[in-house]
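Here is a predicted protein model, taken up in questions and answers. Each answer sets a value against its definition.

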Amino acid sequence: MKLIWVTSANYLEGFKLKIEFNDGSSKVVDMEKHLNKPIFAPLRNISYFKQFRLNSFTIEWENGADFSPEFLYDLND
């Protein structure tokens with residue numbers, strides 16, 4: 001199993017992000033349908049969603065919400 005982490009993330013529009021990974025791959029992901037758990041409720045506000053930051057391995061928000069890099073890597077949006 002290879003270790004994957006996010007190296008770059010940029011907001012595009014709506015709930016779409018362009019994510020780049022340490023293996024050189026990148027993808028556009030639409031996160032809207034993945035915001036159904038309570039921790040992600042604040043992210044349904046587009047202004048809050050845009051305020052993500054990159055930590056040492058993935059994207060995260062001020063409220064502690066994040067997505068594992070493996071989850072993001074495997075998304076087929």
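Q: How much area does the protein expose, and what share do carbon and sulfur atoms supply?
A: The protein exposes about 4700 Å², and carbon and sulfur atoms supply 51% of it. Accessible areas come from the Shrake-Rupley method with a 1.4 Å probe; for residues, only the protein chains shown count as cover.

Q: What are the ground rules for these values?
A: This is a predicted model: local features need pLDDT of at least 70, side-chain atom pairs count only at pLDDT 80 or more, and totals for chains, interfaces and linings use all residues. Residues are numbered from 1 along each chain as its sequence is written, and side-chain values use heavy atoms, leaving out hydrogens and water.

Q: How many helices and strands does the protein have, and in what pattern?
A: There are two helices and five strands. Along the sequence they read β-β-β-α-β-β-α. Helices (H or I, at least four residues) and strands (E, at least two) are DSSP runs, numbered from the N terminus.

Q: Why is the protein called as compact as a globular protein of its length?
A: Its radius of gyration is 12 Å, and the globule rule gives 11 Å for 77 residues. The two values are close, so the protein is as compact as a globular protein of that length. The radius is taken over C-alpha atoms; the rule is 2.2 Å times the number of residues to the power 0.38.

Q: Why is leucine 43 called buried?
A: Buried means under 20% relative accessible area, exposed over 50%, partly exposed in between (1.4 Å probe, protein chains only). Leucine 43 has 0%, so it is buried. This residue lies in the loop between strand S3 (26-30) and helix H1 (46-49).

Q: Which residues does leucine 43 touch, not counting residues up to four places away in sequence?
A: They are Phe15, Leu35, Tyr48, Phe49, Trp61, Asn63 and Ala65. Contact means heavy atoms within 4.5 Å. The C-alpha atoms of leucine 43 and asparagine 63 are separated by 9.4 Å.

Q: What makes a set of residues a nonpolar core, and how many residues has the largest one?
A: A nonpolar core is a set of buried Ala, Val, Leu, Ile, Met, Phe, Trp, Tyr and Cys residues joined through side-chain atoms within 4.5 Å. The largest has 20 residues. Among those with the most contacts inside it are Leu17, Ile59 and Trp61. Strand S2 (16-21) supplies at least two residues of this core, as does strand S1 (6-13). The largest share, three residues, comes from S2.
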